[in-house]
Amino acid sequence: AKTAELLSLAESDGSSAEAAVAEAEANRQALERILPELTGAEEAFAAQNARVEAELAKLEAMQAPLEELKRAAAAAEAARDAAHQRAVDCGAMRAMHLEELKKYQTGEWEFMGWKGGAEYTK
């Protein structure tokens, strides 16, 4: 009885081993079909990743000059605004001095209560 039992177990294990071998072979064939596609996808990914890294390096190299140009533009804008304000101020001072000259030439000039102008030069 023990011999028959062991023989039955051995046959069952043999059948299981054959099934496992067949399954392993099917999985090997599936792997062989998948590997070329996987390799191609990995190569395409690596190539695209290299292009992306190169573009990122270009962007990084462009960033410092871009920031410098922004600073230069801001400085030029501030200088332009300051020059414009000085021009406006000079124009106002010119107008004031021309008005003062006109008053002085017509004798209407007065400074701290002192009159002067045309009659003073006569």
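These legends go with a set of views of one protein, shown as a predicted model.

**View 1. The whole chain, from one end to the other.**
Start with the parts list: the protein has one helix and two strands. Reading from the N terminus, the elements come in the order α-β-β. The radius of gyration is 48 Å, well over the 14 Å that the globule rule gives for 122 residues, so the protein is more spread out than a compact globule. Its C-alpha atoms fill a box of roughly 155 × 30 × 15 Å along the principal axes. How much of the protein counts as buried? Just 3% of the 122 residues do. About 10600 Å² of the protein is exposed, with carbon and sulfur atoms supplying 63% of that area.

**View 2. Charges along the protein.**
Here we look at the charged side chains: 14 are positive and 23 are negative. The centres of these two sets lie 19 Å apart. Side chains of opposite charge can pair when their charged atoms come close. How many salt bridges does the count come to? It comes to seven, and the next three views zoom in on some of them.

**View 3. Glu 25 and Arg 28, with Glu 32 joining in.**
Glu 25 and Arg 28 form a salt bridge, and their closest N and O atoms are 2.2 Å apart. Both residues belong to helix H1, where they sit three residues apart, or about one turn of the helix. Glu 25 has a relative accessible area of 31%, so it counts as partly exposed. Arg 28 is partly exposed too, at 37%. There's a third partner to find here: a network of salt bridges links Glu 25, Arg 28 and Glu 32.

**View 4. Glu 55 and Lys 58, one turn apart.**
In this view the side chains of Glu 55 and Lys 58 meet in a salt bridge, at 3.2 Å from N to O. Helix H1 holds both of them, three residues apart, which is about one turn of the helix. Are these two buried or partly exposed? Lys 58 is partly exposed, with 47% relative accessibility, and Glu 55 is partly exposed as well, at 43%.

**View 5. Glu 77 and Arg 80, another pair in helix H1.**
Glu 77 and Arg 80 bring their side chains together in a salt bridge of 3.7 Å, N to O. Once again the partners lie in helix H1, three residues and about one turn apart. This time they fall into two classes: Glu 77 is partly exposed at 43%, whereas Arg 80 reaches 52% and counts as exposed. The reason is the cut-off, because exposed means over 50% relative accessible area.

**View 6. A nonpolar patch on the surface.**
Which residues make the nonpolar surface patch? Look for Leu 31, Ile 34, Leu 35 and Leu 38, which together make a patch of about 350 Å². Take Leu 38 as an example: it is found in helix H1, which covers residues 2-106. With a relative accessible area of 40%, Leu 38 is partly exposed.

**View 7. Glu 110 in strand E1.**
Now we leave the helix and pick out Glu 110, which has its place in strand E1, residues 109-111. Its relative accessibility is 47%, so Glu 110 counts as partly exposed. Also find Glu 100, ten residues away from Glu 110 along the chain. The C-alpha atoms of Glu 110 and Glu 100 are separated by 9.1 Å.

Note on methods
Residues numbered from 1 in each chain as written. Predicted model: local features only at pLDDT ≥ 70, side-chain atom pairs only at ≥ 80, totals over all residues. Heavy atoms only, no water. Patch = residues over 30% accessible without salt bridge, like charges linked within 9 Å, V, L, I, M, F, W, Y side chains within 5 Å. Areas by Shrake-Rupley, 256 points an atom, 1.4 Å probe, with all protein chains shown as cover. Salt bridge = Lys/Arg side-chain N within 4 Å of Asp/Glu carboxyl O. Helix = DSSP H or I, 4+ residues; strand = E, 2+ residues; numbered from the N terminus. Buried < 20%, exposed > 50% of the residue type's maximum accessible area, 1.4 Å probe, protein only. Rg over C-alpha atoms; globule rule 2.2 N^0.38 Å. Lys, Arg positive; Asp, Glu negative; His and termini not counted. Charge placed at Lys NZ, Arg CZ, Asp CG, Glu CD.
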